[in-house]
Amino acid sequence: MPADKTVGAIRELPSFDSDPARSLEGEIKSYILGSPQNCLKDVDGSAIFEEPLVGFANGDDSLFQDYKRVVGDFHLTPREALCLSSPEGPGHASEPRHVSVVSWILPIGKETRLANRKMTEGPSRHWNNVRWLGQELNDNLARHVVQLLEHKGYRAVAPDQTPAFEVRHLSNGRASNWSQRHVAYAAGLGTFSLSDGLITARGIAMRCNSVVTDLELPATPRRYSSHVANCPFFVDGSCGACIKRCPAGAITHKGHDKVKCSEMMQVFHKLYLTKPGYLGRYAACGLCQTKVPCESRIPKLASAPGGSPAARAGV
Ligand code: B12
Ligand code: SF4
Ligand code: SF4
């Protein structure tokens, strides 16, 4: 196992100058796989996350302007996020020439997925612990990437760790000014779905994060035809397994009702946080991300050989 890498431990990355993108990808993967924090110590010692997926986006990609319509006019572009967080503030003369986004997916460990599969009315202890301990690790990784880039002389920021980050309460539910899933979509890492979750090559049971920098990085191609291409429901009308999986009735053929979902989480909060071994400000849920065909992969279409996604996944 690689040496303990605390947030502050910055080591020289051998190939950073010749290939910064591959070098960052390698560092993100080894940080997670080598971290002693990547372990559910008080549950069963299993890994919180499996090997990360990493993608890059051009911060000036017009998609980020589209997000001002898709998410809301408050959603930051990467350039705004970088400038807002600089000590000089936005619109300063030192406007960066290039802006890139490093985005990553942390697939949730198998033991946690298996434990949550068994649940029907709220999260397993594994899932609840991953929500809090896994996010702490995810945040530490973002700080590590920021420090690494700054050490190399670049500007860098993890937008959702800055004072500028906010989550708005809109009539149809909450939306943040830095949506990690929209960022990951832009960085070629996956598409949205009927349940709202992002389906990546390693599935929907994951957590994600991102860092914006003025280092120029090659954008990862988006190998999908639409923003919902990885969800069979939108391609050939099949699957829909998440509809039955949601105890709140928050998922229907019309999509995901964020208000109902949030209300259910408040119920779970009362039911579970008093149970031994559960942590955090709320219990979480994630039933729609486990025991579904998209849990750990992009499901094949019902029309493909082998039958329906649900049949193939054995769920
Ligand atoms: C607010 C919030 C919530 C709210 C609202 C969720 C939501 N759908 O937005 C509530 C409390 C309901 C919630 C619940 C959960 N959350 Co939450 N949440 C967030 C938070 C803080 C912000 C999300 C946000 O800004 N959304 C913006 C809105 C606009 O997004 P949206 O409605 O999904 O977007 C739709 C449209 O934009 C549409 N769309 C329409 N046209 C177009 C066009 C294009 C081009 C594109 C790209 C998209 C698009 O696509 C989307 C899907 O329909 C993020 C962290 C972050 N900073 O991103 C975590 C986050 C989204 N949550 C996460 C998780 C894991 C959960 C839960 C599983 C809880 C848990 N931990 O057990 C549930 C899952 C609910 C679900 N089915 O999605 C993960 C997502 C992981 C994943 N696999 O997708 C995140 C990214 C946290 C993280 N750092 O990993 N969450
Ligand atoms: S369970 Fe099926 S319908 Fe629901 S998000 Fe996953 S692939 Fe799409
Ligand atoms: S939509 Fe919300 S309440 Fe329903 S299963 Fe998913 S996380 Fe749980």
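Here are some friendly notes on this predicted model, working from its nonpolar cores to its ligand shells and two individual residues.

1. **The main core.** A good place to begin is the largest nonpolar core, which has 32 residues. Leu-24, Phe-49, Val-102, Trp-104, Leu-141, Leu-149 and Val-211 have the most contacts inside it. Four elements, α1 (20-34), β1 (53-58), β2 (100-107) and α5 (125-151), each supply at least two residues of this core. Of these, α5 gives the most, with nine residues. In soluble globular proteins, nonpolar side chains tend to be buried together.

2. **Val-211 in that core.** You may like to centre your view on Val-211. Beyond its neighbours within four places in sequence, Val-211 is in contact with Ser-100, Val-101, Val-102 and Trp-104, among others. Its contacts also include Ala-142, Val-145, Val-146 and Leu-149, and the run Ala-156, Val-157, Ala-158 and Pro-159.

3. **A second core.** Please look as well at a separate core of 28 residues. Phe-64, Val-71, Leu-198 and Met-206 are among its members.

4. **Ligand 2.** There are 13 residues around ligand 2, and those that come nearest are Cys-231, Cys-239, Gly-240, Cys-242 and Cys-294. By class, this shell holds 10 nonpolar residues, three polar and no charged ones. The space that ligand 2 takes up is the largest cavity.

5. **Ligand 3.** Around ligand 3 you will find Cys-246, Pro-247, Ile-251, His-256, Cys-261, Met-264, Cys-285, Gly-286, Leu-287 and Cys-288. Eight of the residues in this shell are nonpolar and two are polar, while none is charged.

6. **Ser-15.** Moving towards the start of the chain, Ser-15 is found in the segment before α1. Ser-15 counts as partly exposed because its relative accessible area is 33%, and the bounds for that class are 20% and 50%. Apart from its neighbours within four places in sequence, Ser-15 is in contact with Pro-20 and Ser-23. Thr-191 lies 176 residues from Ser-15 in sequence, and their C-alpha atoms are 31 Å apart in space.

7. **Lys-270.** Finally, Lys-270 is found in helix α9, which covers residues 258-272. With a relative accessible area of 67%, Lys-270 is exposed, since that class requires over 50%. Between Lys-270 and Tyr-282, which are 12 residues apart along the chain, the C-alpha separation is 8.5 Å.

Technical notes:
Residues are numbered from 1 along each chain as its sequence is written. Chains are lettered from A and ligands numbered from 1 in the order in which they are written. This is a predicted model: local features need pLDDT of at least 70, side-chain atom pairs count only at pLDDT 80 or more; totals for chains, interfaces and linings use all residues. Side-chain values use heavy atoms; hydrogens and water are left out. A nonpolar core is a set of buried Ala, Val, Leu, Ile, Met, Phe, Trp, Tyr and Cys residues joined through side-chain atoms within 4.5 Å. Buried means under 20% relative accessible area, exposed over 50%, partly exposed in between (1.4 Å probe, protein chains only). Contact means heavy atoms within 4.5 Å. A residue is near a molecule or strand if one of its heavy atoms lies within 4 Å of it. On a 1 Å grid over the protein atoms alone, a cavity is a set of points where a 1.4 Å probe fits but cannot get out, and a pocket is an open set with protein on both sides within 12 Å along at least five of seven lines; lining residues have an atom within 4 Å of a point. A molecule sits in a cavity or pocket if more than half of its atoms lie within 2 Å of its grid points. Ala, Val, Leu, Ile, Met, Phe, Trp, Tyr, Cys and Pro count as nonpolar, Asp, Glu, Lys and Arg as charged, and the others, Gly among them, as polar.
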